[in-house]
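These are my notebook entries on a set of look-ups in one structure. I proceed from the metal sites to the strands and then to the charged pairs.

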Amino acid sequence: MATDVATVYISVREDDYLPPPPPPAIVELALEKVGVFNDENGDQRPQVGETITYTFTVYNTGEVTISDIVIEDPLVDVLGGPINLAPGEVDATTFTAVYAITQADIEQLFVENQALVSGVDPSGDVIEDLSDDPNDDTNVDTNGNGNPDDITVTIIPNVLSDEDIVIYNVMTPNGDGLNDIFMIENIDDYPDNKVQIFNRWGVEVYSTEGYSIDNDNVFRGFSDGRATVRRGERLPTGTYYYIIEYADPDTGEVRRKASFLYIN
Ligand SMILES: [Ca+2]
Ligand SMILES: [Ca+2]
Ligand SMILES: [Ca+2]
Ligand SMILES: [Ca+2]
């Protein structure tokens, strides 16, 4: 036994006694980015200048402290930072950004973009990560670093955009409160509109822009007298013809509807 110890002792020289180098520490950052549309006037439609709030969550998923962590985003100025994160540490509050939507965004009905987080490891090397959208399960790994990089897509809800106008083509303008006006449901969602009514001889008996139930700019069966029919004259019972032109407030696209209107 003693011989063995002595042998071992002799065989170990100072040079040989260095431990094998440790595996390199894992240096990793991961960024998640989420956007939420703010319907600031609460009308359930997007308007130019309403905003998307972005939140950023930075994870130090490696084994070393990362310092000078900042986030850049091609779409918005990101506020907050720089910060340092110890291994395992997460920050979800420091970095924020607000983006004001444009007409083009409204037409597209979503906004997409991707941020880049960067920091410095203890050796002074820069480490980066492309942001991931945690609500997207695709999890593409654009830069091949093993963590997902889905571009953040923020939906701009526009609940009323699909609600077309609904035309009631029978009216009984006798003042009893029932069908007294030419009812065009949802026309107030299309304030850029023009309504024309013609009699059977093609004479325009009523015309207005900005037809509105809410603002009481409606046809009640009276001529507005721009043609041969006198202003304020109650129009006789009969068959008329309407033309409604209305622009989609989001796209500007003009739609047109025309058909018969029966005044009883
Ligand atoms: Ca709105
Ligand atoms: Ca994802
Ligand atoms: Ca990646
Ligand atoms: Ca990533």
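Entry 1, criterion for site geometry. I count six donors as octahedral if opposite donors are over 155 degrees apart and all others between 65 and 115; a six-donor site outside these limits is irregular. The model is predicted, and I keep this in mind throughout.

Entry 2, calcium ion (ligand 2). I applied the criterion here first. The angles among the 6 donor atoms run from 50 to 162 degrees, and the site is irregular. The lower end, 50 degrees, lies outside the octahedral limits, therefore the label follows from the rule. For reference, the ideal angles for six octahedral donors are 90 or 180 degrees.

I then listed the donors of the calcium ion (ligand 2): Asp132 through two OD contacts, Asp133 and Asp136 through O, Asn139 through OD1 and Asp150 through OD, at 2.3 to 2.7 Å. Along the chain these donor residues follow the spacing D-D-x2-D-x2-N-x10-D. Asp133 and Asp150 are 17 residues apart, and both sit in the loop between β9 (126-130) and β10 (152-155). I looked up their accessibility: Asp133 is buried at 5%, and Asp150 is buried at 2%.

Entry 3, calcium ion (ligand 3). I found coordination by Asp141 (OD), Asn143 (OD1), Asn145 (OD1), Asn147 (O) and, twice, Asp149 (OD), at 2.1 to 2.7 Å. The angles among its 6 donor atoms range from 53 to 169 degrees, and this site is irregular. The donor spacing in sequence reads D-x1-N-x1-N-x1-N-x1-D. Of its asparagine donors I checked two for accessibility. Asn145 is partly exposed, with a relative accessible area of 29%, while Asn147 is buried at 13%. The labels differ because buried requires a value under 20%.

Entry 4, calcium ion (ligand 4). Which residue coordinates both the calcium ion (ligand 4) and the calcium ion (ligand 3)? I find that Asn147 does, with the two ions 4.0 Å apart. Asn147 gives its O atom to the calcium ion (ligand 3) and its OD1 atom to the calcium ion (ligand 4). The other donors of the calcium ion (ligand 4) are Asp129 (OD, twice), Leu130 (O), Pro148 (O) and Asp149 (OD), and the distances are 2.3 to 2.6 Å. Asp149 also appears among the donors of the calcium ion (ligand 3).

The spacing for the calcium ion (ligand 4) is D-L-x16-N-P-D. Leu130 in strand β9 and Asn147 in the loop between β9 and β10 are 17 residues apart. Both Leu130 and Asn147 are buried. I record this site as irregular too, with angles of 50 to 163 degrees among the 6 donor atoms.

Entry 5, overall figures. I noted 2 helices and 17 strands in the protein. Of its 264 residues, 37% are buried. Among contacts with a separation of 6 or more, 55% join residues 24 or more positions apart. The exposed surface is about 15000 Å², and carbon and sulfur atoms supply 53% of it.

Entry 6, strands. I examined the pairing of β14 (residues 193-198) with β15 (residues 204-209), which is antiparallel over 5 bridges. Within it, Ile197 stands opposite Tyr206 in β15. The hairpin has 5 residues between the strands, and Gly202 takes a positive phi near 80 degrees.

I also looked up Thr57, which lies in strand β2 (residues 51-60). At 16% relative accessibility Thr57 is buried. Its contacts beyond four places in sequence are Ala30, Leu31, Glu32, Val90, Asp91 and Ala92.

Entry 7, salt bridges. How many salt bridges does the rule give? I count 7. One of them joins Asp73 and Lys33, with the closest N and O atoms 2.3 Å apart. Asp73 lies in the loop between β3 (66-72) and β4 (83-85) and Lys33 in strand β1 (residues 29-38), 40 residues apart. Both partners are buried.

Arg45 and Asp250 meet at 3.3 Å, N to O. They are 205 residues apart in sequence, Arg45 in the loop between β1 and β2 and Asp250 in the loop between β16 (238-247) and β17 (254-263). Arg45 is buried at 9%, and Asp250 is buried at 7%.

Arg255 and Asp248 form a further salt bridge at 2.9 Å, and both are buried. I close with the network of salt bridges that links Asp164, Asp248, Arg255 and Lys257.

Terms used
Residues numbered from 1 in each chain as written. Chains lettered and ligands numbered in written order. Predicted model: local features only at pLDDT ≥ 70, side-chain atom pairs only at ≥ 80, totals over all residues. Heavy atoms only, no water. Donors = N, O, S within 2.8 Å, 3.2 Å for Na, K, Ca; no water. Tetrahedral: all angles 85-135°; square planar, octahedral: opposite > 155°, others 65-115°. Buried < 20%, exposed > 50% of the residue type's maximum accessible area, 1.4 Å probe, protein only. Helix = DSSP H or I, 4+ residues; strand = E, 2+ residues; numbered from the N terminus. Pairing = 2+ DSSP bridges. Contact = heavy atoms within 4.5 Å. Areas by Shrake-Rupley, 256 points an atom, 1.4 Å probe, with all protein chains shown as cover. Salt bridge = Lys/Arg side-chain N within 4 Å of Asp/Glu carboxyl O.
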